[in-house]
Amino acid sequence: MSDGSPRGRMPSGEGKRPVADAAPTPATRATPGGPARTRVRVTSPRTSAARTRTVSIASEIDEQTRLGEVYITSLMRSQLRLALGVLLVIASTLGLLPLAFHLFPAIGRVDVLGVPLPWLLLTVVAFAEIITLGWLYVRRAERNEATFSDLLEGR
Amino acid sequence: MSNTASIVAVILVSITSLAVGAFGLRLSRTMSDFYVASRGVSPVLNASAISGEYLSAASFLGVAGLILARGVDMLWLPIGWTAGYLLLLVFVAAPLRRSGAYTLPDFAQLRLESVVARRVSSLLVVAIGLLYLIPQFQGAGLTLRTLTGAPSWAGQLVVALVVCLNVLPGGMRSVTLVQAFHYWLKLFALLTPLFFLLGALGSRSGGPDVGAVFASDWVEPLGGENALYLTYSLVLATFFGTMGLPHVVVRFYTNPDGRASRRTTLAVLVILSGFYLLPVAYGALGRWFASDLVAAGRADSVVLELPSRVFDGPLAEGLTALLAAGAFAAFLSTSTGLVVSVAGVLSQDLVRWGGGHRQGIRAFRVSTVIVVAVSLGLTFVAVGVPVARAVELTFAVAASTFCPMLLLGIWWRGLTAVGAIAGLVVGGGLSMGAVLSTTFGHGSDGWFGVVMTQPAAVSVPLSFATMVLVSLATRSRTPEHVSQTMVRLHAPEHIDLNRGSFHPERWNRRPARTDTSSVRVPEQAEAPEEREPDHPGTGPSAARERPAYGSVGPTARRPGTTVRRS
């Protein structure tokens, strides 16, 4: 979907903005700054050409055609891949800890700053990892959804 | 020691909870619907309510007790209970909110389009809820016994009574405010004494007997027989069990949309992580100051006894009272949430009589009393399983039943009703058998006995496998509207799409998309207009009335978005 066109409601824009600025769309005014650009976005893509495509994709989904199914499946796949990625990270870090403790009992006798290493790993480190993964997941999942709705809006 | 302060604290918490509940009732009478109103609630406040309900007696007392008794291996409990929410976040949170389902049976009905699947889910919700209520009541009895010397049944009865008083008048609506209040109370109650205890530890150089405190089997992981299997089974149960708990799922409805439910869950992760460091600290401090409790078999009461071990006089009394208040808040919030969700399911699916709204309220109230009475009875006959252990087993049941149903139902079009039911029966039967044999004291020896004490590592994969294989065998019977359901579960709300017409209130007459007149006729007797202004509705049946439309209709569209397809 990275066709370099201005993206819709996502102000987070992940580096697409420069591209959008460079694209010499006739409707884009030279005014720099956020508000003016937003206004252009609302009016400019609302050409008849864009609208025709929008109608077709959303109604493809509504009619449950093969094409509509492909769109929904692509959204599901991207979200599922993301979720499985999180699961994989958890499984290969936290999930392998019991095995590591089993195979290398010496880990249990290591002290870090006066605290036994397993205690440190199973409290502060584990919770920090869980929160970080959750935060990354929310960001990515929202981006996937934004991509999907941009796709349906034909941008 | 004198315990007047503690008793006063417990009474205060009970009264405050009832008062906040009554306030919530008043408040929601002026609003058309509690859930619509709560849509303006920020993710953080919503997350405190969720955490308030989730942090039960097991978290408040049990974790510290188990860490005191068994050391580092028990750190997996708080981690699992938090990571469970991470998996809930990545696999379930947004789709479940978007489904518009209010309970797990609702979800089964929506996705599998089968009334039998709904009934089986309802039975399981009731079973899990009752099993989870037992340790809550146990904890309450234990707390009052520790504080006052009163017999265990007294405390159990008190909690049961307060829960009934809280639930009977207002149902779901009056509960949410109480939950958020309880979370902050619990946090404060654990945090304040901890500061004092740590201060005392700092001033008292050189503990009693360092060798006994940091015995190697306590500090180093995987002590005891079959530790590797038991640990992995525990990890599996807690990581995957959270998403299958009935009172957890209900809470997701208070989010405005799927996106907000993700953000709320993220806030829950932060809140839980912060909270769970506290019981761990109590367990470790208990090893220092109160290690004799293990031998006495009263490890669960370590949190409550610590202040009086270290301090004396009014300071000890005050801190104990604070902890008692927190513990009581923990029993109240979790058991209230459980009773509400179980009674809701019970009254809707299993004890139906009459079609009208007033009968609905009556059924809900009768169900509430039934649920409380039955779980109280079960608590009396259950042998003394440690509080956190009993909760662990409940998680195993949830992980081997609803977790596969949710995961496969949301992410795999191929799941059929027959497959789901088979998996629920296999996973539920296995794990329930294990739980009952442990809870009611019929342990067995050998490898089989080990599996029975910690069934998840066997029952969870088996349940998944059953669902997949049976679904593949009955491939011709995939639910008719599954494509539409997938659109509903996964497409962001602001996109204007057809998401089907499922509504939890009308589950037994799900109409096809096109025909309306023929199906609508019989339901007019109990149609929503019956409960418009003069009885604004009581109980969960009323609470779930309007929002279920919200996720389907144009109201789900966010205001900032342009409307396509004009």
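## Helix α7 of chain B and the A–B contact

Gly149(B), which comes just after α7(B), adopts a positive phi of about 80°. This value, like every other one in this report, is computed from a predicted model.

The helix that precedes this glycine can be checked against its expected length. Helix α7 of chain B covers residues 115–148, and its 34 residues should span 50 Å at 1.5 Å a residue; the end C-alpha atoms lie 49 Å apart, which agrees. Of the 34 residues of α7(B), 26 are buried, so the helix is largely enclosed by the rest of the structure.

The two chains meet through 47 residues of chain A and 46 residues of chain B. On the side of chain A that touches chain B, four helices each supply at least two residues. They are listed below with their residue ranges.

| Helix of chain A | Residue range |
|---|---|
| α3(A) | residues 48–62 |
| α4(A) | residues 66–92 |
| α5(A) | residues 97–103 |
| α6(A) | residues 117–153 |

The greatest contribution to this side of chain A comes from α6(A), with 20 residues. By residue class, the side of chain A that touches chain B comprises 31 nonpolar, nine polar and seven charged residues.

One residue of chain A may be considered individually. Leu88(A) belongs to helix α4 of chain A. Is Leu88(A) buried or exposed? Leu88(A) has 11 other C-beta atoms within 10 Å; a residue counts as exposed at 12 or fewer, and Leu88(A) is therefore exposed. Between Leu88(A) and Asp111(A), the separation is 23 residues in sequence and 28 Å in space, taken C-alpha to C-alpha.

Conventions. Residues numbered from 1 in each chain as written. Chains lettered and ligands numbered in written order. Predicted model: local features only at pLDDT ≥ 70, side-chain atom pairs only at ≥ 80, totals over all residues. Contact = placed C-beta atoms within 7 Å. Nonpolar A, V, L, I, M, F, W, Y, C, P; charged D, E, K, R; others polar. Expected span 1.5 Å × (residues − 1). Buried ≥ 20, exposed ≤ 12 C-beta atoms within 10 Å, placed from the backbone.
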